[in-house]
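User: I am new to this structure and would like to learn how to read its features step by step. Could you take me through them, giving the general idea and then the case at hand?

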Amino acid sequence: MSLSKSIPIVDVRSPGEFAEGHIPNAINIPIFNDEERAIVGTIYIKKGRLPAIEKGLDIVGPKMAQFVRKAVDVANGQLLIYCWRGGMRSESMAWLFERVDIKCFILQGGYKSYRNYLLEKAGDIPYLIVIEGYTGSGKTDIIHSLNSLGEQTIDLEGLANHKGSVFGGIGQELQPTTQQFQNDIFDKILGFDLSKRVWVEGESQTVGRAFLPDPFWFRMNKTQNIEIQVPLSDRISRLVTEYGTLPEDLMENAISSLIKRLGDLRMNKILQLYHERKLEDVANKLLEYYDQTYQYSRDKYKKKLTEIKLPNDDAMANARIILNRAAQIFQ
């Protein structure tokens, strides 16, 4: 599936459907709002297709001029239009827009086809390299440095608006839905030259509440993984810098949420250290837990692991070291 970057994309589904997930950069011009869609759907189920179409026409008629104005505003003479299956909603809007000389293309199979294609192809990345490492190793910063060096990268935490732990959502914007998170990943992949390397940071299958596509997650586990090993002191310093100034009530709630994993004694000790502002000790205690969790996941899932010891957490210097090792891996 190839989506032209030069043709504006219009999603004519309801606002609720659009919010759940849409093709990145698509513009929502809904033929029905959520309530109208429910009304037409109920009539279709109870009375059949023709009464549903008649009700749909009653709803759409007064809004046609509004639809046209919006389409003219976003079109560059052409539009790619989709609904759920590429059926009546997209066909009706395409017919309307063509009346004002906008050349319209309908996405065959609609958004459903797009999602099926995504879930089929999301793992087709021949030269995927995953940067693994313990919490606080600076994997995201290395991903950004690799990108600035001209490498193809996917910043999963950036796309998910979450840093991956119980603390990862503090200070972040609202997370996208799982559908939208997956769509955004796929959009990045579609823009890559897959004959070249693609870098991604190691994550569990969920980043906050957003799930990675299964094929992409399976590919991450089977492909080449580079585990970076950064001195513990640097990792502690990084965590104190990133989390030490965040709202205290949110941090306390996050620590308390670990009670089932840490137990009462360890959790209360960490909370006490946090109240005393002994942040290095807090980070050290939390890393004892997170390091065990990481080791378990690594041993269970990772098949191809290359270890690289790094002298510190200088992201750009470390990116260059990793690039040199990657040149040896993919010759």
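Analyst: Let us begin with a single residue: E120 has a relative accessibility of 51% and counts as exposed, given that buried means under 20% relative accessible area, exposed over 50% and partly exposed in between, with a 1.4 Å probe and protein chains only. The model is predicted, so local features need a pLDDT of at least 70 and side-chain atom pairs count only at pLDDT 80 or more, while totals for chains, interfaces and linings use all residues. Residues are numbered from 1 along each chain as its sequence is written, and side-chain values use heavy atoms, with hydrogens and water left out.

User: With which residue does K121 form a salt bridge?

Analyst: Side chains of opposite charge can pair when their charged atoms come close. A salt bridge here is a side-chain nitrogen of Lys or Arg within 4 Å of a carboxyl oxygen of Asp or Glu. K121 forms one with E120, and the closest N and O atoms are 3.9 Å apart; K121 itself is partly exposed, with a relative accessible area of 29%.

User: How many salt bridges does a search of the whole structure find, and are R13 and D11 buried or exposed?

Analyst: The search of the whole structure finds 16 salt bridges. One of them joins the side chains of R13 and D11, at 2.7 Å from N to O, and both R13 and D11 are buried. Another links E227 with R298, whose closest N and O atoms are 2.9 Å apart. Because E227 lies in strand β10 (residues 224–229) and R298 in helix α14 (residues 279–301), this pair ties together parts that are 71 residues apart in sequence. E227 and R298 are both buried. There is also a network, in which salt bridges that share partners join D141, K163, R238, E242 and D313.

User: You have now named a strand and a helix; how many helices and strands does the protein chain have?

Analyst: Helices (H or I, at least four residues) and strands (E, at least two) are DSSP runs, numbered from the N terminus. On that basis the protein chain has 15 helices and 11 strands. As for the chain as a whole, 47% of its 331 residues count as buried, and its C-alpha atoms fill a box of roughly 70 × 50 × 35 Å, taken along the principal axes.

User: What is the order of the four strands in the open sheet?

Analyst: Two strands pair if DSSP finds at least two bridges between them. The open sheet of four strands has the order β2-β1-β3-β4, with parallel pairing. Its edge strands are β2 (27–28) and β4 (103–106), each of which pairs on one side only. Two bridges join β1 (residues 9–11) to β2, and D11, which we met in a salt bridge with R13, has N28 in β2 as its bridge partner. On the way across the sheet, β1 and β3 pair over three bridges, with I9 opposite L80 in β3, and β3 and β4 pair over four, with F105 in β4 as the bridge partner of L80.

User: Why is strand β3 largely enclosed by the rest of the structure?

Analyst: Strand β3 covers residues 78–82, and four of its five residues are buried, so the rest of the structure largely encloses it. The same strand takes part in a right-handed β-α-β unit, made of β3, helix α5 (residues 88–98) and β4; a crossover is right-handed if, with the strands pointing away from the viewer, the path from the first strand over the helix to the second runs clockwise.

User: Which residues of α5 are buried?

Analyst: An α-helix has 3.6 residues a turn, so residues three or four places apart point the same way. In α5 the buried residues are R89, S90, M93, A94, L96 and F97. Seen down the helix axis, the buried residues of α5 fall within an arc of 160 degrees (the arc of the directions from the axis to the C-beta atoms), so they line one face of the helix. What covers them includes α1 (15–20), α2 (34–47), α4 (64–74), β3 and β4, where contact means heavy atoms within 4.5 Å.

User: Which residues of helix α12 are buried?

Analyst: In α12 (residues 248–256) they are M251, A254 and I255. Their arc around the axis is only 100 degrees, which puts them on the same side of α12, and they pack against α11 (232–243) and α13 (259–275).
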